[in-house]
Amino acid sequence: MAASHYCALSLSPILSSRYHRYCVVPHSLPPCSALSPPSPRRQQPCLKLGVDDQAPISPSKLHISHEQLLQFERVGHVCVRKLFDSQEMGGLISAVTDAAAREKLNAYRHRVAVLCPGVDPFSLHSIAEAETVIREQGTDELGFLQNFNLHQKSHQVRQWASHPRMLAMVAELLGAQRVRLYQDCLFQKMPGFGVTNWHSDLNMVPLDTNSFLTVWIPLRSLAKTDSSLHFASGSHRDFALAYWQNNQGMANLESRGYPVVDYPCMTLGDVSIHHGWTLHWAPGQPGTGPARAAWTVSYFADGAKVLATRHTRRKLQDEDGWSYQAWRKDLKEGQVARHPLLPVVYPITIDDSKQQRRGTKKK
């Protein structure tokens, strides 16, 4: 998920009862900028899951340390190294990029829908037409392309979104007994594409929940010049920000003293995970060099209800409407969000686990 315009932050997360007593926010935090990385930029270490750094993590060895759980609860993000090995990543990249190639025009149409009010995106029949419309009528620069819910179009992508190793990690971080798949999305920043502005994912999700996270998986190793995610540490716990301020009032994050950090050490197979309310942004991709592609998968704890908008303080950002409109029309506000398009993916059954191992093995 991402936002073309600054989005609001809302409620802090409900902490897992097993760990809440250890979660402490630092009292003294350095300033940061709302629209650009701080100087000097803080760099967070990528944490390991208690296994050899050179080996992939097998489901039997997976263990989230207290340090990682506490970091996620305290600052709202964490990086995990070597979640997938290079062979596995080859299979994941092939599945995601093959599915996205069939949806490339729709990715441009989506940006037209977001950036060019009044233009019917389905009146455009080529990428060149879409680029011209965005250039001439867009309210902001083309910061990225996104393909929603490739798992609904590709069985192989669905298997990767349901990978047992990733789901075990997600369930631990959410402290959830049952986890549902919310969406997956491929984000592409072509050379020269601009900034992704500050936003929080849950501000664009029509669910009334705090138990939501996104796994961000770069599809190649990232150089220091690549566009990576930058997180406002602790922003997921700042209830006062959204309660008292409108979008304009929240534009000056510098006064709130968030440390802004990124993970420049990410190599192929590393992933970062951020809480649904954590504010994050990404700089533009350099005009020279390769594109940056990252596949994201978002999950939430089973039992969340459809957001009731009658008493909300601000309108839900609808940039991701293309992602959820198919199931949202079938559910009423306040109804528990249970729908075939929001499948339970954890716990995984024995039969599902066997199918996953067959489906994700490189041919």
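Modeller: Strands here are DSSP runs of at least two residues marked E, and helices are runs of at least four marked H or I, numbered from the N terminus. This is a predicted model, and with those names in hand we can place a residue such as Asp 226, which is found in the loop between strand S7 (212-218) and strand S8 (230-232).

Biologist: Is Asp 226 buried or exposed, and which residues does Asp 226 touch, not counting those up to four places away in sequence?

Modeller: Since buried means under 20% relative accessible area, Asp 226, with a value of 8%, is buried. Leaving out residues up to four places away in sequence, Asp 226 touches Arg 220, Ser 221 and Gln 285, and its side chain is joined to that of Gln 285 by a polar contact of 2.7 Å.

Biologist: How many residues does the largest nonpolar core have, and which helix gives the largest share?

Modeller: In soluble globular proteins, nonpolar side chains tend to be buried together. Here the largest nonpolar core has 40 residues, and among those with the most contacts inside it are Met 166, Met 169, Val 215 and Trp 295. Helix H6 (residues 164-174) contributes the largest share of this core, seven residues. A second, separate core has 15 residues, including Leu 115 and Cys 116.

Biologist: How many disulfides does the structure hold?

Modeller: A disulfide is a covalent bond between the sulfur atoms of two cysteines. The structure holds zero of them; as for individual cysteines, Cys 116 is buried at 1% relative accessible area, and Cys 185 is buried at 0%.

Biologist: How should I read the aromatic pair of Tyr 182 and Phe 212, and what are its distance and angle?

Modeller: A pair of aromatic rings is described by the distance of the centres and the angle of the planes. For Tyr 182 and Phe 212 the centres are 5.4 Å apart and the planes stand at 70°, so the pair is edge-to-face. Because Tyr 182 lies in strand S4 and Phe 212 in strand S7, the pair ties together parts that are 30 residues apart in sequence. Tyr 182 also forms an edge-to-face pair with Phe 300, at 6.4 Å centre to centre and 75° between the planes, and both of these residues are buried.

Biologist: Which residues form one aromatic cluster with Tyr 182?

Modeller: Tyr 182 shares that cluster with Phe 212, Phe 300, Tyr 324 and Trp 327. In helix H8 (residues 321-328), Tyr 324 and Trp 327 are buried, as are Gly 321 and Ser 323. Seen down the axis of H8, its buried residues fall within an arc of 145°, so they line one face of the helix, and what covers them includes strand S4 (179-189) and strand S13 (305-306).

Conventions:
Residues are numbered from 1 along each chain as its sequence is written. This is a predicted model: local features need pLDDT of at least 70, side-chain atom pairs count only at pLDDT 80 or more; totals for chains, interfaces and linings use all residues. Side-chain values use heavy atoms; hydrogens and water are left out. Buried means under 20% relative accessible area, exposed over 50%, partly exposed in between (1.4 Å probe, protein chains only). The arc is that of the directions from the helix axis to the C-beta atoms. Contact means heavy atoms within 4.5 Å. A disulfide is a pair of cysteine sulfur atoms within 2.5 Å. A polar contact is a pair of N or O atoms within 3.5 Å; within protein, one must be able to donate a hydrogen and the other to accept it, and residues adjacent in sequence count only if both atoms are side-chain atoms. A nonpolar core is a set of buried Ala, Val, Leu, Ile, Met, Phe, Trp, Tyr and Cys residues joined through side-chain atoms within 4.5 Å. Rings of Phe, Tyr and Trp (its six-membered ring) pair if their centres lie within 6.5 Å; planes under 30 degrees apart count as stacked, over 60 as edge-to-face and the rest as tilted.
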